[in-house]
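Q: Please take a close look at one part of this model with me, and walk me through its surroundings in one connected answer.
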Amino acid sequence: MVLLGVLLLMRPVEVMRFITVLVGILFLIEGGLPLVYSLQEGKGLRAYPLVIVLFGVLCIVSPIIMNALWMILLGLWQLLAGINGFAQRKNAPKGTQGMLLIVSTLSLLLGLMFILAPMTSLVAIWWILGILLLLNATAIVAQSVKVS
């Protein structure tokens, strides 16, 4: 945990690339096995396995572009969540409308940030994850020292 935290802080882009390639390999396996099975059974090509294999190949061949694409998709999701939150505010219980307004506004801002600066957002997320891993490891060590 400490090593991953340090690596995420010192080399976020390289760690991101490595993890994306690993995800690509998993996609190739997840999509490739059903694709081979459907061809062997004479069922023809299926859309889902083809899309998953395509994502796997893209993750392996171009991990940076795939990471930017994931961030843009995440940004679109957050924009939709924010818009939905504003629309649902009228029907929300009285005590929750203020919180829903805050969450919806933050979702819209986060979505815009992810879409307008996907790579910067991604590196920031990896840094935050690295800091959290280091803090978590520190807490574990502190608890074990306290217990002893």
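What is the relative accessible area of F55, and how does that class this residue?

A: F55 has a relative accessible area of 24%, so it counts as partly exposed; buried means under 20%, exposed over 50%, and partly exposed in between, with a 1.4 Å probe and protein chains only. Before going on, please keep in mind that this is a predicted model, in which local features need pLDDT of at least 70 and side-chain atom pairs count only at pLDDT 80 or more, while totals for chains, interfaces and linings use all residues. Residues are numbered from 1 along each chain as its sequence is written, and side-chain values use heavy atoms, leaving out hydrogens and water.

Let's start with the ring of F55. The structure holds 2 aromatic pairs. In one of them, the ring centres of F55 and W70 are 5.5 Å apart and the planes meet at 40°, so this pair is tilted. (Rings of Phe, Tyr and Trp, the last by its six-membered ring, pair if their centres lie within 6.5 Å; planes under 30 degrees apart are stacked, over 60 edge-to-face, and the rest tilted.) F55 sits in helix α3 (residues 47–61) and W70 in helix α4 (residues 63–88), so the pair links distant parts of the chain, 15 residues apart. Helices here are DSSP runs of H or I with at least four residues, numbered from the N terminus. Like its partner, W70 is partly exposed, because its relative accessibility is 31%. F27 joins F55 and W70 in one aromatic cluster.

Now follow W70 into its helix. α4 has 26 residues and reaches 37 Å from its first C-alpha to its last, close to the 38 Å expected at 1.5 Å a residue; the expected span is 1.5 Å times one less than the number of residues. The buried residues of α4 are P63, M66, N67, A68, M71, G75, Q78, L79, G82 and G85.

Several of these names come back as partners of other helices. T20, in helix α2 (residues 12–40), is buried, because its relative accessible area is 5%. Apart from neighbours within four places in sequence, T20 contacts C59, P63, M66 and N67, where contact means heavy atoms within 4.5 Å. S104, in helix α5, counts as buried because its relative accessible area is 2%. With residues up to four places away in sequence set aside, S104 touches G82, G85 and F86.

M71 leads to the largest nonpolar core, whose 8 residues are L8, V15, M16, M71, F114, L122, W126 and L133. Such a core is a set of buried Ala, Val, Leu, Ile, Met, Phe, Trp, Tyr and Cys residues joined through side-chain atoms within 4.5 Å. α2 and α6 each supply at least two residues of this core, and the largest share, 3 residues, comes from α6. Beyond the residues up to four places away in sequence, F114 touches M71, I72, L74, G75, S121 and I125.

Finally, F114 and S104 share a helix: the buried residues of α5 are S104, S107, G111 and F114. They cover an arc of only 95° around the axis, so they lie on the same side of α5; the arc is taken from the directions from the helix axis to the C-beta atoms. The face of α5 turned away from that buried side carries the exposed residues L106, L109 and L116.
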